[in-house]
Amino acid sequence: MSQPDNTSRRAFLRNTFTLIPTVGLAGGVSLTAKAAEAPPNLSDYQPAFFKSDEWAFLLAACDRLIPGESEGKGPGALDTNVPIFIDRQMDSPYGHAERWYMQGPFVLDGSPDLGFQYPYTPRDVYQKGIALTQAYCQKQYGKRFEQLDAATRDQVLQALEANQVDFAALGETQKLEASEFFSSLLENTKEGYLADPIHGGNKHMASWKMLGFPGARASYRDWVDQHNVDYPLGPVSLTGERG
Amino acid sequence: MTARFILPLIAGSTLLMASQAFGADDTTLERGAYLARAGDCVACHTTEDGKDFAGGLAIESPFGTIYSTNISPDKDHGIGNYTEAEFAAALRDGKRADGANLYPAMPYPSYAKLTDDDVHALYVYFMDGVEPVADSAPETDLSFPFNQRWGITAWNWLFADADTFTPNTSADPLIERGRYLVEGLGHCGSCHTPRGFAEQEKTLDDSDDSYLSGADLNDWWAPSLRGGDGGDGRGVEGWSAHEIAEYLKTGRNAHATVGGEMTSVVAHSTSHLTDTDLTGIALYLKSLSANPAGENATTPDQRRTASEKTAAHLTAAKDLSDGERLYLDNCSACHLNDGKGAERVFPAIDGNSLANADNPTGLIHTILAGATPPATPTIPAQLPMPGFGWRLSDEEVATLATFVRSAWGNDGGAVTAEQVGKVRDTLKPSPLNRAPDANGRLNHDDRDPK
């Protein structure tokens, strides 16, 4: 790692040093069960939320957003179980928009500065976004998204990102736009790639190892005064997995 | 350290209470309530969610489960019909009003020291200051031969012949007050004095050096309270009288945070005692010569060198053993690389009596299940240690505990995964030891709605 990176990391750690007791004060689970189970293989995983055709889209899309070793320098979204992360998030309060105000009125032509105005939870956004994108692929290429070659899939994703796919023309009535669907997909893919493995993605902390991020060790105070020394430890995850 | 020097060090509003408690204007009932605190009667005679002094708490003994009795003044279910003489006989001699023997789970061999005056005050309190509770506690039903209460008569004859406390008039009255509380109501020896072949405390007073010299209590090491000169520097011999009093008052001091059974003792009893009484107790404990150091005991200099070595190795974080890596990944954020923690917040592990105890059960339990300090009148905040049972396997806990017991100046023995597994099997569900749910949430309540 180059020198400026180390310096800025130290500065970051120095400026953000706090002690936060992360303790749950309610509930109880079996003490005899240990959480650190081996993460599943993506090919064995049975999605809880996505239907099988949606799942095929998700795998094919994530694979283009963060490609694997053959195309990049590090592990890809499929190598690190990112689709599993997204599937599990769909069953979380986030997926159900549990903590958002979702009562309306839904002013569909409101200013973009006010954020999305459609009445959809993230679950709805994925279901509708995938269906609309598949409709677009059928119309444009006569194939499903996951049947397209990598370069064409990239074109579709770029068209989504640039909002060049007209969801309204494909039947969307609540003004969900292609670029909004794409940005959710990209955001969740990055989260699954970089978040702690306890959430289902970042299998074996592969992205952290690539980046040199040391993970969920609760304090790095000993390193504040160790200048010009490379940090020697691999990452640790919330479940205690050591890399 | 003399009493005169100690007293000004301990500030606190309870000094006022002290003068009230023993002043001429005070009522006997209030004094009785205070003495019931000192005796920690509530600890055994009240269940977790039960009414005060209604009994029913299951007490594990080597002979089976003994249920504490209802000592509220209810005439049918409690002790409302006891005369003062019958009350005194129960307290000091372990005799029920009907003449049957109490099981010596009741510390009557210690309470025998109580003065007539204090027994009277306690009687007034239990008759007039406690709400009667019309519930019967479960009957104790031990198997033969321990269900033969008459057999305890012989036990009493052999072991429980202590007389009422007689102060040594040539000693410091404050120390004598401390001795009275430690030997009598405090019944400290019940846990901290080793027991003999018939489960009797080997001695009920300081006439023998085994008094308060430390004992295993249900596998949890209750350390030596002998705080005088000598010793291996691991127990209260390394604490000042002020620090002992502070520990009893708040559950914390610069060396340690209370854990295990003692947590409840601090919460319900010692944290409510006056600073004068706590000072007396501390000075008395400092007057007892420490346990002689073992043959292989290290010197303070050796321990200091070892401590620095471990701290430097952990800080460099190169060529780490599994135990060292586990410590860095799980413990060092709070207990720090020097194993000293932060005074009154994160207890020190270096030199910790639980970490160095021959029996590692208490340490294993703390790693697996976490620990919560008591809320005391002066320090009500309870910053808990989370449990690591959900995060570490038996092998990992064993490796970590073995490291902790040999790191810095510590010299406890190795711990095996089998030992960890046995402790894990005894754990109950606890909010301090739970894995985050599938969404990584730690703080939501996943208990079944009732």
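**Exercise 1. Work out how far apart the end C-alpha atoms of residues 173–289 of chain B lie, and what the span is made of.**

Step 1. In this predicted model, the end C-alpha atoms of that span sit 19 Å apart. Step 2. As for its make-up, 38% is helix and 5% is strand. Step 3. Now put residues 27–130 of chain B next to it: here the ends are 15 Å apart, with 42% helix and 8% strand. Step 4. Both stretches carry a label in the record: the unreviewed UniProt entry annotates residues 27–130, 173–289 and 318–408 of chain B as "domain: Cytochrome c".

**Exercise 2. Find the largest nonpolar core and say which elements build it.**

Step 1. Count its members: the core has 61 residues. Step 2. Look for the ones with the most contacts inside it, and you land on Leu122(B), Ile244(B), Ile281(B), Ala282(B) and Leu285(B). Step 3. Map the core onto elements of chain B. Those giving two or more residues are α3 (28–39), α5 (84–93), α6 (108–111), α7 (116–128), α9 (173–183), α11 (241–250), α12 (262–268) and α13 (275–286). Step 4. Zoom in on Leu285(B): leaving out residues up to four places away in sequence, it touches Leu225(B), Gly227(B), Val236(B) and Ile244(B). Step 5. Don't stop there, as another core of 34 residues lies apart from this one, with Cys331(B), Leu354(B), Val404(B) and Ala407(B) among its members.

**Exercise 3. Describe how the two domains of chain B meet.**

Step 1. Fix the bounds: domain 1 of chain B runs over 3–286 and domain 2 over 301–426. Step 2. Taken over C-alpha atoms, their centres are 31 Å apart. Step 3. Across the contact, 24 residues of domain 1 of chain B meet 22 of domain 2 of chain B. Step 4. On the domain 1 side, β4 (220–222), α11 and α12 of chain B each put in at least two residues, and α12(B) gives the most, with 3. Step 5. Sort that side by type: 8 nonpolar, 11 polar and 5 charged.

**Exercise 4. Check the span of helix α4 (residues 122–141) of chain A and see what covers its buried residues.**

Step 1. The helix has 20 residues and reaches 27 Å from first C-alpha to last, close to the 28 Å expected at 1.5 Å a residue. Step 2. List the buried residues of α4(A): they include Val125(A), Gly129(A), Leu132(A), Thr133(A) and Tyr136(A). Step 3. An α-helix has 3.6 residues a turn, so residues three or four places apart point the same way. Step 4. The cover over the buried residues of α4(A) includes α2 (52–65), α3 (82–90), α5 (150–161) and α6 (178–194) of chain A. Step 5. Just past α4(A), Gly142(A) adopts a positive phi of about 70°.

Key. Residues are numbered from 1 along each chain as its sequence is written. Chains are lettered from A and ligands numbered from 1 in the order in which they are written. This is a predicted model: local features need pLDDT of at least 70, side-chain atom pairs count only at pLDDT 80 or more; totals for chains, interfaces and linings use all residues. UniProt positions are given in the numbering used here, feature names are shortened, and annotations may be inferred rather than shown by experiment. Helices (H or I, at least four residues) and strands (E, at least two) are DSSP runs, numbered from the N terminus. A nonpolar core is a set of buried Ala, Val, Leu, Ile, Met, Phe, Trp, Tyr and Cys residues joined through C-beta atoms within 7 Å. A residue is buried if 20 or more other C-beta atoms lie within 10 Å of its own, exposed if 12 or fewer, and partly exposed in between; C-beta atoms are placed from the backbone. Two residues are in contact if their C-beta atoms, placed from the backbone, lie within 7 Å. Domain bounds come from an automatic or database domain assignment. Ala, Val, Leu, Ile, Met, Phe, Trp, Tyr, Cys and Pro count as nonpolar, Asp, Glu, Lys and Arg as charged, and the others, Gly among them, as polar. The expected span of a helix is 1.5 Å times one less than its number of residues.
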